[in-house]
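The following exchange takes a set of structural labels in turn and asks what justifies each one.

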Amino acid sequence: MASFFNHYLIPLYLLFTYFTTTTISAASAIVSPRPKSLLLTISKDTSTSQYTTKILQRTPPVFVPLTLDLGTQYLWLNCGRRYVSSTYKPVPCGSPLCALANAKICRSCPSGPKPGCNNNTCRAIISNPITNTSTKKGSELATDVIKLNSSNGATTGDLVSIPNFLFVCAPTSLLGGLAKGVSGVAGFGRTKVSFPTQASSAFRLAQTFALCLPPFSENGFAFLGDGPYNITPGGTGLNVDLRSMLTYTPLVTNPVRTSEYFIGVQGIRVGGEDVSINKSLLSIDSKGYGGTTISLIQPYTSMESSIYKAVTTAFDRQILNTSFPTKRVAPVAPFKYCYDTLPSTRVGPSVSNIDLVLQGKNAVWTIAPLNSLVSTNVGYCIAFVDGGKNPKSSIVIGGYQIEDNLVQFDRAKNRIGISSSLVYDRIRCSFFNFTTTV
């Protein structure tokens, strides 16, 4: 706990200096009690498989659709011709917010003043997580008001407003590869100025957020704050706090890729049997290579080639070694193993689970069949991809494997909580009571 306060003392002080909070009601703006948590509604884009949300920003407020990314350091969005706001404020060079954002570039803009182009403002280098392109000369750091839904943990609450929310103005050219209509990226990275860090700090909430990703055509959610996360299992009428279903494992720090979330995978089991892999690949070396990271940008889990071969071969063998007449069929890219038909249950195909054995007492992330197999036009395919021989991360847990799981990122306690599949308990992320979402 001491290390947490040492890490956050200065940034929280600066954030509290620049933030005030109000609740927006139909009648007027009034000072509100601190909400238990903040809520974002998440959907999955059908064309890109990106997970998106939207916020209200600016004065007057407009909807801003955003792609979620766990590795991006900032909230960044396009400040093109349509950016009009009376509360937009560029951040001047040498100000505390420049230091907080580690924005060391100071530039003038002869064609300004306008959003994204003002004199004597500090600039941050940002990148597109899909195309890996970046703004080499930096983009303007600014603040503006945003509005988010509050929540008591069981339903959607009133909108709350955060003035002076720090973000980076991105050029239109940086939007390539993002979902259609998206204006930027909500960075959820391990930084002092990420979206959840700022939002939680504004209301003095715990530096914790939880994700429950939806499949196509459904809604999921992100809670900012430490809960509760109440949901009603199908047909029961009883509220369940999903925190009771979490198993915890320590967050692992990558010495190079410090804004990403890594966990310590110790081994892998298929159908309860250990898979023989090179466990040295599961550690992170001094150059930042290896280990296991969690990604919302990568659609499916990727594994270093030797790990991928060992896991998929074991899974394939168990799928075929049953009395059910399953046959392998021609694969569908990017997958290698596909099957014409599989035995089915109410929670998906009746095949073995894949377990990621994690650091921590009895810590296991169970990847259920609904998350390990994907339905295609030829049948089911094993939903993992070959990450190559020398990937930056030996394992990247992709979005599809996280769907209908609750994953809590508890930066205050330096740990990640994992529920594994909620479907076994007749729960889906879409079962949350979305009543008046933004």
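Q: Why is D404 classed as buried or exposed in this predicted model?
A: D404 counts as buried because its relative accessibility is 5%, and the cut-off for that label is under 20%.

Q: What makes the contact between D404 and R428 a salt bridge?
A: The closest N and O atoms of D404 and R428 are 3.0 Å apart, and the criterion asks for a side-chain nitrogen of Lys or Arg within 4 Å of a carboxyl oxygen of Asp or Glu. The pair therefore qualifies. This salt bridge links distant parts of the chain: D404 lies in the loop between α6 (399–402) and β33 (405–410), whereas R428 belongs to the segment after β34 (415–421), 24 residues apart.

Q: Why is R428 called partly exposed?
A: The relative accessibility of R428 is 26%. Partly exposed covers the range between the buried limit of 20% and the exposed limit of 50%, so R428 takes that label.

Q: How do you know that D410 and R415 form a salt bridge, and which accessibility class does each residue have?
A: Their side chains meet at 3.3 Å, N to O, which is to be set against a limit of 4 Å. D410 is buried, with 5% relative accessibility, while R415 is partly exposed at 22%.

Q: What makes R257 buried, and with which residue does R257 form a salt bridge?
A: R257 has a relative accessible area of 17%; the threshold for buried is under 20%, so the label applies. The partner of R257 is E260, at 2.9 Å from N to O. By the same distance rule, the count comes to seven salt bridges.

Q: Why is helix α3 described as largely enclosed by the rest of the structure?
A: Helix α3 (residues 195–202) has eight residues, and eight of the eight are buried, so the description follows. Among them are F195, P196, Q198 and S201. Just after α3, R204 takes a positive phi of about 55 degrees.

Q: What makes the sheet of β20, β19, β27 and β28 an open one, and which strands are at the edges?
A: The four strands are arranged in the order β20-β19-β27-β28, with antiparallel pairing. The edge strands are β20 (273–274) and β28 (364–367), each of which pairs on one side only.

Q: How do you know that β19 and β27 are paired?
A: Five bridges join β19 (residues 265–270) to β27 (residues 354–358), and pairing requires at least two, so the two strands are paired. In this antiparallel arrangement, V265 stands opposite L358 in β27.

Q: Which helix lies across β19, β20 and β27, and at what angle to β19?
A: Helix α4 (residues 305–320) lies across these strands, running at about 25 degrees to β19.

Q: Why is the protein chain called as compact as a globular protein of its length?
A: The chain has six helices and 34 strands. Its radius of gyration is 22 Å, close to the 22 Å that the globule rule gives for 438 residues, so the comparison supports the label. The C-alpha trace spans about 70 × 50 × 45 Å along its principal axes.

Q: How much of the chain counts as buried, and what share of its contacts joins residues 24 or more positions apart?
A: Of the 438 residues, 55% count as buried. Residues 24 or more positions apart account for 69% of the contacts with a separation of 6 or more.

Methods. Residues numbered from 1 in each chain as written. Predicted model: local features only at pLDDT ≥ 70, side-chain atom pairs only at ≥ 80, totals over all residues. Heavy atoms only, no water. Contact = heavy atoms within 4.5 Å. Axes fitted to C-alpha atoms, helices over the stretch in contact; angles between N-to-C directions. Buried < 20%, exposed > 50% of the residue type's maximum accessible area, 1.4 Å probe, protein only. Rg over C-alpha atoms; globule rule 2.2 N^0.38 Å.
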